[in-house]
Amino acid sequence: AGEPKGHPVAVKRIDASTLPASFDFGDADSMMGTPLPTSIRIEARLDSDGDVITRNPSDPYAFQDKVAGGGTVKLILR
């Protein structure tokens, strides 16, 4: 939470054709094999070039910061 830069602690890849979609994050999604922090920043984007490293400024994007575990978040990509 509070860190817009840096490495993700968990990632979900969802095909755009399935949107809108509901999903959960939990400790099993941790990329480090450790429990997720109690508060996280959730980001979502449609990646036009398929390369997760690059970020095209025109790609639809949304985020919510300081999301507590067990909460519900609705992101609208713009």
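Here is a short walk through this predicted model, from its largest pocket to its aromatic rings and one proline.

Let's begin with the pocket. The largest one has a volume of about 2,000 Å³. Its lining is made up of 50 residues, and those closest to the centre are Phe 23, Phe 25, Ile 42, Glu 43 and Ala 44. By character, the lining divides into 26 nonpolar, 11 polar and 13 charged residues. Two strands, E1 (39-45) and E2 (61-68), each supply at least two residues of this lining, and E1 gives the largest share, with seven residues.

Now turn to the rings. Across the whole structure, a search finds two aromatic pairs. In one of them, the ring centres of Phe 23 and Phe 25 are 5.7 Å apart and the planes lie at 85°, so this pair is edge-to-face. Tyr 61 and Phe 63 form a tilted pair, with 6.1 Å from centre to centre and 40° between the planes. What about their exposure? Phe 23 is partly exposed at 42% relative accessibility, and Phe 25 is partly exposed at 30%. Tyr 61, at 28%, is partly exposed, and Phe 63 is partly exposed at 42%.

Each pair also has a charge to look for. The charged end of Lys 12 sits over the ring of Phe 25, 5.8 Å from the ring centre. Over the ring of Phe 63 you will find the charged end of Arg 41, 3.9 Å from the centre.

Finally, look at Pro 35, in the segment before E1. Its relative accessible area is 59%, over the 50% cut-off, so Pro 35 counts as exposed. Its C-alpha atom is separated by 30 Å from that of Ser 17, 18 residues apart along the chain.

Terms used: Residues numbered from 1 in each chain as written. Predicted model: local features only at pLDDT ≥ 70, side-chain atom pairs only at ≥ 80, totals over all residues. Heavy atoms only, no water. 1 Å grid on protein atoms, 1.4 Å probe; cavity = no way out; pocket = protein on both sides within 12 Å on 5 of 7 lines; lining within 4 Å. Points joined across faces, edges and corners; volume = space filled by probe spheres on them. Helix = DSSP H or I, 4+ residues; strand = E, 2+ residues; numbered from the N terminus. Nonpolar A, V, L, I, M, F, W, Y, C, P; charged D, E, K, R; others polar. Buried < 20%, exposed > 50% of the residue type's maximum accessible area, 1.4 Å probe, protein only. Phe/Tyr/Trp six-rings, centres within 6.5 Å; stacked < 30°, edge-to-face > 60°. Lys NZ or Arg CZ within 6 Å of the ring centre and 35° of its normal.
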